[in-house]
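Visitor: Please take a close look at one part of this model. I would like to see how the ligand is held, with a side look at one residue elsewhere in the chain.

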Amino acid sequence: MADTVEKPSSPAARTIAQLSREAQSCRRCALYKNATQTVFGEGSPRAAIMFVGEQPGDQEDRQGRPFVGPAGRLFDQALAEAGIDREETYVTNAVKHFKYEPRGKKRIHKRPDRGEIEACRWWLHAEIRLIKPKLIVALGATAARALSGRTVTISKLRGETLEFQGHMGLVTVHPSFLLRVPDAASRAEEYRKFITDLKRAARLGA
Ligand code: URA
């Protein structure tokens, strides 16, 4: 781990750990009922860049960590290509429980609704207040909505510098969007645009 990461005994690290423990028993909305566990944010308590995704997926729900499934692996690869060390950032989600629909043995992701996003915003705001990042990057429309409090069209705001909760903000696509692009050429093009956004984030967060 990089030497910029605070020791677990620092006040910010302690408070994030405490917040994460408290979130384990969150009942602010009904999503806890079917999820395995709360998936809280993780990373450096002194992170300059905070990434906000939508909600944990199947793997995240099982492992209790954000962005560790297929979208997370793509995200890690893109971060590395953009020259960002994930361990120096803070990675979290707008909604901290996995929302899904059982289909046979599979659990199919369901997008969180407005009430669930609002209920979970309390945790997101608490994370922002503790981390005090220089830049917040919304990965996809749900994160952008949770951070701005309004419906956001990614394509309209992409590339602009915004303000999220008094912090500089950027919006880009969610990594799982890249996994869904059907043809290889378009997927490569979208991935390239994602890397461009992450490089911009690296410059703004430096
Ligand atoms: N998608 C998200 O939005 N967050 C995760 O943690 C995993 C997948």
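Guide: What follows covers the ligand site, then arginine 107. Keep in mind that the model is predicted.

Start with the location. The ligand sits in the largest pocket. Which residues are around the ligand? One run is Gly53, Glu54, Gln55, Pro56 and Gly57. Glu60, Pro66 and Phe67 are also there. Asn93 and His174 complete the list.

Now the polar atoms. A nitrogen atom of the ligand lies 2.9 Å from a polar backbone atom of glutamine 55. For asparagine 93, the side chain is involved: one of its N or O atoms is 2.7 Å from a ligand nitrogen. Histidine 174 also uses its side chain, with an N or O atom 2.6 Å from an oxygen atom of the ligand. How much of the ligand does the protein bury? Taken alone, the ligand exposes 240 Å², and the protein buries 92% of that.

Next, arginine 107. This residue belongs to strand S5, which spans residues 106-109. Is arginine 107 buried or exposed? Arginine 107 counts as buried because its relative accessibility is 18%, under the 20% cut-off.

Its side chain has two acidic partners to check. The side chain of aspartate 58 makes a polar contact with that of arginine 107 at 2.8 Å. The side chain of aspartate 61 makes another, at 2.9 Å. Both aspartates also appear among the residues that arginine 107 touches, leaving aside those up to four places away in sequence. The others in that set are Thr36, Arg62, Phe98, Tyr100 and Glu101.

Technical notes:
Residues numbered from 1 in each chain as written. Predicted model: local features only at pLDDT ≥ 70, side-chain atom pairs only at ≥ 80, totals over all residues. Heavy atoms only, no water. Helix = DSSP H or I, 4+ residues; strand = E, 2+ residues; numbered from the N terminus. Buried < 20%, exposed > 50% of the residue type's maximum accessible area, 1.4 Å probe, protein only. Polar contact = N/O pair within 3.5 Å; in protein donor to acceptor, adjacent residues only side chain to side chain. Contact = heavy atoms within 4.5 Å. Near = heavy atom within 4 Å. Areas by Shrake-Rupley, 256 points an atom, 1.4 Å probe, with all protein chains shown as cover. 1 Å grid on protein atoms, 1.4 Å probe; cavity = no way out; pocket = protein on both sides within 12 Å on 5 of 7 lines; lining within 4 Å. Sits in = over half its atoms within 2 Å of the grid points.
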